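Colleague: Could you take me through one part of this model slowly, as you would for someone new to structures? I would like to follow the reasoning step by step.

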Amino acid sequence: MNAEFTNMKELVKANRSYRGYDESRRVTREELLEMVDCARLTASSVNQQPLRYFLAYEKEDVDRIQPLTKWARGLPDMELPHPGMYPTAFIVICQDTRISESLSRFSRDVGIAAQTILLCATEMGLGGCMIGNFSPAQISEAVHLPEQFTPLLVVAIGKPAEKIILTEIEPDEPTNYYRDEEDTHYVPKRRLKDIVIN
């Protein structure tokens with residue numbers, strides 16, 4: 001583990017949904033392969049392992065995917081990422097429909113894989129954001145995916161260039177994330193004592 005993180009909780013706290021990146025820091029194919037290598041070792045329903053990964057790290061592929069993604073639905077009046085702060089890589093998590101045509105059956109697998117990818121990215125000094133708001137057909141066309149691979153989730157990857165602060169809230173307070181006038185991103189979290197049932 002990176003010396004910056006001395007325990008798992010620190011790594012999890014640093015793994016945020018980043019929506020602003022340092023575009024001068026390119027992400028390499030080797031770094032993306034390491035993230036996917038960690039993801040492939042995780043659990044899979046009935047161990048069928050239907051997920052496949054398209055790695056976008058060449059600028060041309062990244063530039064084709066970015067305008068097809070919609071970010072931060074909780075902040076509809078704000079353009080995120082800001083121009084000049086786009087991610088420099090994407091991992092498109094797909095399902096191989098030759099293994100299973102049911103796209104809902106493996107939704108847990110997708111979540112496990114995506115979280116593993118982001119934890120790995122964080123440990124490497126990078127960061128990312130899961131993006132579910134996109135058209136699978138548009139993504140497939142943009143990167144010329146073979147028809148048996150259906151995009152299920154897009155994971156942005158890059159070097160974070162924004163400040164995110166976690167706050168704890170009372171049970172009746174809203175969970176909406178927000179930004180202040182300095183563009184600091186705040187993420188309200190329910191307290192431990194309020195989510196444990198017994």
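Modeller: Happy to; we will look at one helix and then at two cysteines. Please keep in mind that this is a predicted model.

Let's begin with helix α2, which runs over residues 29–40. Its twelve residues, at 1.5 Å a residue, should span 16 Å, and the C-alpha atoms at its ends are indeed 16 Å apart, so the expected and computed lengths agree.

Now, which residues of α2 are buried? They are Glu 31, Leu 32, Met 35, Val 36 and Ala 39. Around the axis these residues cover an arc of only 135°, which means that they sit on the same side of α2. The general rule helps here: an α-helix has 3.6 residues a turn, so residues three or four places apart point the same way. Turn to the other side of α2 and you find Glu 30 and Arg 40, which are exposed.

What covers the buried residues of α2? The covering elements include the strands β1 (51–56), β2 (89–96) and β4 (149–158), together with helix α4 (107–123).

Next, the cysteines. A disulfide needs two cysteine sulfur atoms within 2.5 Å, and by this rule the model has zero disulfides. For Cys 94, the nearest cysteine sulfur is that of Cys 129, 18 Å away. For Cys 120, the nearest is that of Cys 38, at 3.8 Å. Both cysteines without a disulfide that we looked at are tucked away from the surface: Cys 94 is buried at 2% relative accessibility, and Cys 120 is buried with a relative accessible area of 11%.

Notes: Residues are numbered from 1 along each chain as its sequence is written. This is a predicted model: local features need pLDDT of at least 70, side-chain atom pairs count only at pLDDT 80 or more; totals for chains, interfaces and linings use all residues. Side-chain values use heavy atoms; hydrogens and water are left out. Buried means under 20% relative accessible area, exposed over 50%, partly exposed in between (1.4 Å probe, protein chains only). Helices (H or I, at least four residues) and strands (E, at least two) are DSSP runs, numbered from the N terminus. The expected span of a helix is 1.5 Å times one less than its number of residues. The arc is that of the directions from the helix axis to the C-beta atoms. Contact means heavy atoms within 4.5 Å.
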